[in-house]
Structure formats: structure tokens, C-alpha cells
Amino acid sequence: MNLFLGILELVVCFSGVVIIDKLFGRRGLYSWMALAVVFANIQVSKQVDIAGVSTALGNVMFASTYLATDILNEKYSVKASKNAVKLSAAALIAYIIFAQFTQAFTPNEFDVVDPSLKTIFAMSVRITAASGFMFVLSNWCDVLLYQKIKEKTSGKYMWFRNNISTIICNCAENFAFSILAFWGTYPLLYCLEVAVAGSLVEMLIALCDTPFLYLAKLSKKTGILLEDEDGNSDNENNYNTVNEEAA
């Protein structure tokens, strides 16, 4: 059942990134990045077995941020990718702060969720701190590596730069995060098991996001639901020119 749900989440999540780009353009991808990093930090508290392998949830949501930055790089500019990482980092900081406010309030006699919230948010302080640091570092490196490979290959072989940058940065992030977030809470051997298993899962996920990147690249008209703000709309084709100049 978990394997089926994992595959379904992957398809829904990556399709969501492509749809968000189509409907809301780069602004939608900025929003997706902020949503994904916050929700992934909630998901990652849950440990599951998928196909007999122990791992933490959140892998797919985190992987979707790499897809989002790659789409931003391909269709808009490398600066748009960097801005997305900065905005999602700000969203993560806000999540940490308001998670602490949530825990600090004293519940009344009618409350039934406070113990559960404290369990999630108490654990998420350490998890989110580790995740936040590795998220920003790995996504920033992914943007730089993706752009460097793009320059070296003269803009060819999009599948190559997509997979190489995502696999290297995502697996490094997953391994470091598993140790920083869970060592002490769980046995070291289990943390290493989660790290290795998560990295293998990340490799498979990275390979799966490539068709969605090509699908998004084929869609030239984006931001179709956004109002034109003083002539500054995502519904234009000159972002590819901007991206080429930036490269």
C-alpha cells in the first residue's frame, strides 16, 4: 500500500508543479517552493516502510523543489531559481517561529489537539533546523551546478543536467539531514539506514522528474490565471531570451 501511495504522490506532486507553472508562472513556482519546504518538514517526522525499506516521508515534496528550480532556470532565468530558494528559506524560518508560538499557547478545557501538535512541533524544531540548513545549501548548489552544466553543454542535454544536479545535491542533502535530524532520537544504525534508503529513493525520484521538466518546457504560455500587472506578466515568451543572456 505504501509503495502505491508513494508512486501516486510522486505523480500528483510533479504534475502539480507543472500545472502551477502553467496557471501562475514563476510566481506560482515561488509559492510551490514555500509550500513544499514547510509541508515536507511536517511529513518528514513520519517514519514508514516502502517495499521493505525504512525511510522518512517528505522525499517527494523535497524533490519537487528541485524540479521547480530547474523549470525556473529553463523557462525564466537563473536569478529566478535563486529567488525561489531565498523565498522558500524565508517561509521555513516563518514556520519555525510560528510553530513555537503554537506550542507556547495554553490550551483550554475544550482542546483535543494540543498534545499531538506538541509532539509534531517539538520534534520539528531540530528537524526543521537541520532540514532548513541542508535545504538552502543543497538547492543553492543545485541551481549553480545546473547552470554550470548548462553552460558547459551549450544548453544541450537538458535531461543530463537535470539528473546530475538533482541526484548529487538531493542525495547529499538527504544523507546529511538524516544524520543531523535523527541521530540521538533514533539509533545511529537506523539513521544510516534511513539515509542510505532515502538516497536510493531520491535517485529514483530524480529520474522520474525529467519527463515533467520536458513537459513544462514545452508549455510556452504560462501564468494564464494571473492578471497583467503594469505589463509585467509571466504570460510571455521572452523569458527564454533572458535566460540565455543570463547564461
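Student: Which residues have the most contacts inside the largest nonpolar core?

Tutor: A nonpolar core is a set of buried nonpolar residues joined through side-chain atoms within 4.5 Å. In this predicted model, the largest one holds 38 residues, and Phe14, Val17, Leu29, Leu67, Ile71 and Leu72 make the most contacts inside it.

Student: Which helices each supply at least two residues of this core?

Tutor: Five helices are on that list: H1 (2-43), H2 (59-75), H3 (78-104), H4 (114-152) and H6 (188-218). Helix H1 gives the most, with 13 residues.

Student: What does valine 17 touch, leaving out residues up to four places away in sequence?

Tutor: A contact is counted when heavy atoms lie within 4.5 Å. On that basis, valine 17 touches Leu29 and Trp32, and also Ser64, Leu67, Ala68 and Ile71. Leu29, Leu67 and Ile71 are also among the residues with the most contacts inside the core.

Student: Which residues does the second core include?

Tutor: This one is separate and has ten residues, among them Ala130, Met134, Ile179 and Ala181.

Student: Let me step back to the whole fold. How many helices and strands does the protein have?

Tutor: You can count seven helices and two strands. Following the sequence, they come in the order α-β-β-α-α-α-α-α-α.

Student: Why is the protein said to be as compact as a globular protein of its length?

Tutor: The radius of gyration is compared with a rule based on the number of residues. Here the radius is 19 Å and the globule rule gives 18 Å for 247 residues; the two are close, so the protein is as compact as a globular protein of that length. Along the principal axes, its C-alpha atoms fill a box of roughly 55 × 40 × 30 Å.

Student: What share of the residues counts as buried, and what supplies the exposed area?

Tutor: Buried means under 20% relative accessible area. Of the 247 residues, 46% pass that test. The protein exposes about 12,300 Å², with 70% of that area coming from carbon and sulfur atoms.

Student: How far apart are the mean positions of the positive and negative charges?

Tutor: They are 8 Å apart, taken over 18 positive and 22 negative charges.

Student: One last residue, then: where does aspartate 111 lie, and is it buried or exposed?

Tutor: Look in the loop between H3 and H4. Aspartate 111 falls between those two classes: its relative accessibility is 32%, so it counts as partly exposed. Its C-alpha atom is 52 Å from that of methionine 158, a residue 47 places away along the chain.

Conventions:
Residues are numbered from 1 along each chain as its sequence is written. This is a predicted model: local features need pLDDT of at least 70, side-chain atom pairs count only at pLDDT 80 or more; totals for chains, interfaces and linings use all residues. Side-chain values use heavy atoms; hydrogens and water are left out. Helices (H or I, at least four residues) and strands (E, at least two) are DSSP runs, numbered from the N terminus. The radius of gyration is taken over C-alpha atoms; the globule rule is 2.2 Å times the number of residues to the power 0.38. Buried means under 20% relative accessible area, exposed over 50%, partly exposed in between (1.4 Å probe, protein chains only). Accessible areas come from the Shrake-Rupley method with a 1.4 Å probe; for residues, only the protein chains shown count as cover. Lys and Arg count as positive and Asp and Glu as negative; His and the chain ends are not counted. The place of a charge is taken as NZ of Lys, CZ of Arg, CG of Asp or CD of Glu.
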